[in-house]
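Student: Could you take one part of this model and go through it closely with me? I'd like to hear how the helices pack and what sits around them.

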Amino acid sequence: METSAYGASLAGGAFDFWGFLKRPQTIVRLLSWLFSIVVFATILSEGYMNEEHVDVTKCMFNQNDSACSYGIGIGILAFLACVVFIVLDAYFPQISNANDRKYIVLGDLGFSGVWTFLWFVCFCFLANQWSHTTQTAVIADAARAVVTFSFFSTATWAMLTVFAFRRYRQGMDEVGLGYNDPAGDHTSPYPSAYAGAPEGYQQSPFTASSAGQGGYQPPAY
């Protein structure tokens with residue numbers, strides 16, 4: 001019988017916290033979480049400015065509010081997704097149902113792939129808007145940080161996509177080699193009639209128990 005499914009041992013093992021933190025997937029996910037904070041927090045704190053004697057604030061990226069809104073939205077959603085997937089990664093070895101593991105891995109694969117694309121769009125969009133920005137004296141460092149960490153986020157989410165794809169392929173190979181889901185395995189034989197039964201022997205489900213053998217016996221008067 002296989003001892004793992006979708007890249008994790010079967011349920012029941014002790015959780016190794018330090019081993020979990022040292023996993024490449026965990027490290028990259030934590031980096032993605034950190035990069036997302038840098039992007040949306042920088043935009044929220046320093047991404048809006050107003051000209052002298054003007055109360056209305058504008059986005060530092062060519063005064064295009066859509067650019068700032070896009071960066072904030074992508075960053076916050078990436079932050080929340082990283083938290084959710086880190087919790088799922090920690091809980092993953094405790095899940096015994098192979099189908100549940102499959103859905104989690106597919107969700108990770110799909111989300112990571114989409115967010116890789118969205119971060120790339122964010123990087124290109126913000127870099128383009130910054131290249132057309134004229135008032136750069138005060139906000140240059142903040143804007144460059146946002147653009148740089150958008151690019152870093154594209155790289156880390158692409159790595160997460162590769163990790164999820166590898167785990168999915170590994171899980172499909174393991175299931176194909178004969179992994180049986182403990183929660184849904186209906187192919188196991190019926191229990192033996194006695195503990196010392198010879199190998200290959202199985203009790204018929206319709207065999208009467210030893211207490212009821214011999215058929216019906218009428219009462220003696």
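Tutor: Let's start with α3 and α4: α3 passes α4 in a left-handed crossing. Keep in mind as we go that this is a predicted model. Two packed helices are described by the angle between their axes and the distance between the axes. For α3 and α4, which covers residues 98-131, the angle is about 155° and the axes are 10 Å apart. That angle makes α3 roughly antiparallel to α4, since anything over 145 degrees counts that way.

Now turn to the other partner, α2. The axes of α2 and α3 come within 8 Å, crossing at roughly 150°. By the cut-off of 145 degrees, α2 and α3 are therefore roughly antiparallel to each other. The handedness here is left-handed, too: that is how α2 and α3 cross.

This pair of helices also shares a piece of surface. Ile27, Leu30, Leu31, Trp33, Leu34, Val83 and Val87 make a nonpolar surface patch of about 540 Å². The elements that give two or more residues to that patch are α2, running 24-46, and α3, running 65-91. Of the contributors, α2 gives the most, with five residues. Take Leu31 as a sample member of the patch: Leu31 lies in helix α2, and its relative accessibility is 36%. Leu31 therefore counts as partly exposed, because that class runs between the 20% limit for buried and the 50% limit for exposed.

Last, step back along the chain to the loop that leads into α3. Asn62 is in this loop, between β4 (58-59) and α3, and Gln63 has its place in the loop between β4 and α3 as well. What makes this spot worth a look is the backbone. Most residues other than glycine have a negative phi. Asn62, however, has a positive phi, near 60°. Gln63 also has a positive phi, in its case near 55°, and is likewise a residue other than glycine. As for how much of each side is open, Asn62 has a relative accessible area of 33%, so Asn62 is partly exposed. Gln63 comes out at 38%, so Gln63 is partly exposed as well.

So if you put the part together, you can follow the chain from the loop with Asn62 and Gln63 into α3, then look at α3 against α2, roughly antiparallel, and against α4, again roughly antiparallel.

Methods
Residues numbered from 1 in each chain as written. Predicted model: local features only at pLDDT ≥ 70, side-chain atom pairs only at ≥ 80, totals over all residues. Heavy atoms only, no water. Patch = residues over 30% accessible without salt bridge, like charges linked within 9 Å, V, L, I, M, F, W, Y side chains within 5 Å. Areas by Shrake-Rupley, 256 points an atom, 1.4 Å probe, with all protein chains shown as cover. Salt bridge = Lys/Arg side-chain N within 4 Å of Asp/Glu carboxyl O. Helix = DSSP H or I, 4+ residues; strand = E, 2+ residues; numbered from the N terminus. Buried < 20%, exposed > 50% of the residue type's maximum accessible area, 1.4 Å probe, protein only. Axes fitted to C-alpha atoms, helices over the stretch in contact; angles between N-to-C directions. Parallel < 35°, antiparallel > 145°, perpendicular 65-115°, else oblique. Left-handed = near helix turned anticlockwise from the far one by under 90°.
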